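Hi,

Here is the structure I promised to pass on. Have a look at it first, and then read on for my notes.

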Amino acid sequence: MAVRIIIGAQWGDEGKGKIVDRLSSDAAYVVRYQGGANAGHTLKFDDTTIVLHLIPSGMFNGDSKCIIGNGVVIDPIALVNEIKKVEALGVDLQNRLFISSSAHLILPYHKVLDNVKEKKRGSDAIGTTGRGIGPAYVSKVSRIGIRMNDLANTEKLEESIKKNLADINLALKNVYNEPELDADVMMSELLPAIEVVKPYIRNTTEILHQALDNGESILLEGAQGSLLDVDHGTYPYVTSSSPTAGGACTGSGIPPMAITHSMGITKAYCTRVGNGPFPTELNDETGEKLRKNGQEFGATTGRPRRCGWLDLVALKYAIRLNGMNELSLTKLDVLDDFDTINVCTHYELDGKLTTVFPLNTDKVSEVKPVYKTFDGWKQSTRNITSFDELPGKTRNYIRFIEEYTGVPFKVVSTGPKRSETIIR
Ligand code: IMP
């Protein structure tokens, strides 16, 4: 029995969806535990490409049951669109998809607040995805959130939403100078979506506790990445949830001692979307080439991603935060065509070398990366499925990362398709 957390070891977009899809054939349950439709997990198999934002990436490889856990914030309108998209591929979601009755809803007013707050921040904007994530978690911790549980009583639900909206309209009018929202229009958009979502609601904590009792395997699918964690990331340029390992427990109801594996997913280089410090960022032709070769454009917003070399100081920090005892390396093939490849082994900060990731975000902006340079392998690794078939220079690159971090790569991804994978 394995209870494995799959966690982004960088700033998100590491290719977690592909790894979860690949490993889900052995899992009884695949569970999303935090975030919401800010995530965009791209899956490619046979001739199909699908981007999932809320539904766990375990729907298509085997018959695992998929849970949207209590820690996720769910936009019912986005979820219904996604349910339709998955059903159109011939997948029957009844008895495969379960939504925690404790999960909070993202309501249209959260999305409006997300966007007006970003507008007001001006040049200090965080660069959010605009999906209402921050304001929905604010409602949750302010104890005015609406939970899946609350959908059972439509009258009470309408009353609570209207009460919240009255406060929000005051802020929209007086603080943000924006038009107020009409409660009736909002309810008429929401109620049909809510009816579609209702049959999927369950006590998923109990389902998972029974799965643990029965010794069944569980995959916990993180969204975003460790460096976007609200506590451990580059605050305030972070998301509003806990993608790190602790978030997997609070966001699912699975206790820490039940976790058997913590797997970090890292690209062979680094990317970041939105604002905030990024020590190895390349604002030059090399960065442009990484973006082009890696098709680095946001799966949710389409924004071009910022690109740079692999940062081992940041990776080691993520490994220690999450107790990662295995790693997956993704998008290795994107480096096939580079003459030389850099990896950052140290930061220079205040005239000294360090391998400690600073907790002060201003200091993260100040660090200068110190690189070790590798010769490029200059041949295609695309579609290689055995480690021994990789070019010698590629294997050296991978072994160096393993030695630096002390953690082995269990999976190496050599292309976007499910089949383009080395499992070690
Ligand atoms: P939010 O999660 O929409 O509030 O955005 C906060 C920050 O997290 C922004 O910099 C976003 O670009 C970033 N972010 C949120 N979700 C993802 C993701 O799935 N991948 C990469 N970055 C993300």
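How far apart do the C-alpha centres of domain 1 and domain 2 lie? The answer is 29 Å. Before I go on, please keep in mind that this is a predicted model.

On the split itself: domain 1 is made of two stretches, 3–93 + 203–423, and domain 2 covers 104–198. Where they meet, domain 1 puts 26 residues into the contact and domain 2 puts in 22.

Now the part you will probably open up first, the ligand. Both domain 1 and domain 2 contribute residues to the shell around the ligand, so the ligand lies between them. There are 15 residues around the ligand, and those that come nearest are Asp13, Asn38, Thr129, Thr239 and Arg303. By type, the shell splits into six nonpolar, seven polar and two charged residues.

Three polar side chains are worth a label in your viewer:
- Thr129 has an N or O atom in its side chain 2.6 Å from an oxygen atom of the ligand.
- Arg303 does likewise with a side-chain N or O atom, at 3.0 Å from an oxygen atom of the ligand.
- Gln224 has a polar side-chain atom 3.2 Å from a nitrogen atom of the ligand.

As for cover, the ligand taken alone exposes 470 Å², and the protein buries 97% of that.

Next, helix 10, which spans residues 312–322. Eight of its eleven residues are buried, so the rest of the structure largely encloses this helix. The buried ones are Leu312, Val313, Ala314, Leu315, Tyr317, Ala318, Ile319 and Asn322. Both ends have something to look at. At the start of helix 10, a side-chain oxygen of Asp311 comes to within 3.0 Å of the backbone nitrogen of Val313. Just after the helix, Gly323 takes a positive phi of about 55°.

I also went through a few single residues.

Leu157 sits in helix 5 (residues 154–174). Its relative accessibility is 2%, so Leu157 counts as buried, the cut-off being under 20%. Leaving out residues up to four places away in sequence, Leu157 touches Ile146, Asp150, Leu151 and Ile194. Met187 is 30 residues from Leu157 in sequence, with 10.0 Å between their C-alpha atoms.

Thr361 belongs to helix 11 (residues 361–366). Is Thr361 buried or exposed? At 11% relative accessibility, Thr361 counts as buried. The side chain of Thr361 reaches the backbone oxygen of Tyr235 at 2.7 Å. With residues up to four places away in sequence left out, Thr361 touches Thr234, Tyr235, Tyr237 and Pro277, so Tyr235 turns up both in that list and in the 2.7 Å pair.

Thr286 is in helix 9 (residues 285–293). Its relative accessibility is 25%, so Thr286 counts as partly exposed. Setting aside residues up to four places away in sequence, Thr286 touches Trp309 and Phe338. For a sense of scale, Thr286 and Ala152 are 134 residues apart in sequence, and 54 Å apart from C-alpha to C-alpha.

That's what I have for now. Shout if anything looks odd on your side.

Cheers

Technical notes:
Residues are numbered from 1 along each chain as its sequence is written. This is a predicted model: local features need pLDDT of at least 70, side-chain atom pairs count only at pLDDT 80 or more; totals for chains, interfaces and linings use all residues. Side-chain values use heavy atoms; hydrogens and water are left out. A residue is near a molecule or strand if one of its heavy atoms lies within 4 Å of it. A polar contact is a pair of N or O atoms within 3.5 Å; within protein, one must be able to donate a hydrogen and the other to accept it, and residues adjacent in sequence count only if both atoms are side-chain atoms. Accessible areas come from the Shrake-Rupley method with a 1.4 Å probe; for residues, only the protein chains shown count as cover. Ala, Val, Leu, Ile, Met, Phe, Trp, Tyr, Cys and Pro count as nonpolar, Asp, Glu, Lys and Arg as charged, and the others, Gly among them, as polar. Domain bounds come from an automatic or database domain assignment. Helices (H or I, at least four residues) and strands (E, at least two) are DSSP runs, numbered from the N terminus. Buried means under 20% relative accessible area, exposed over 50%, partly exposed in between (1.4 Å probe, protein chains only). Contact means heavy atoms within 4.5 Å.
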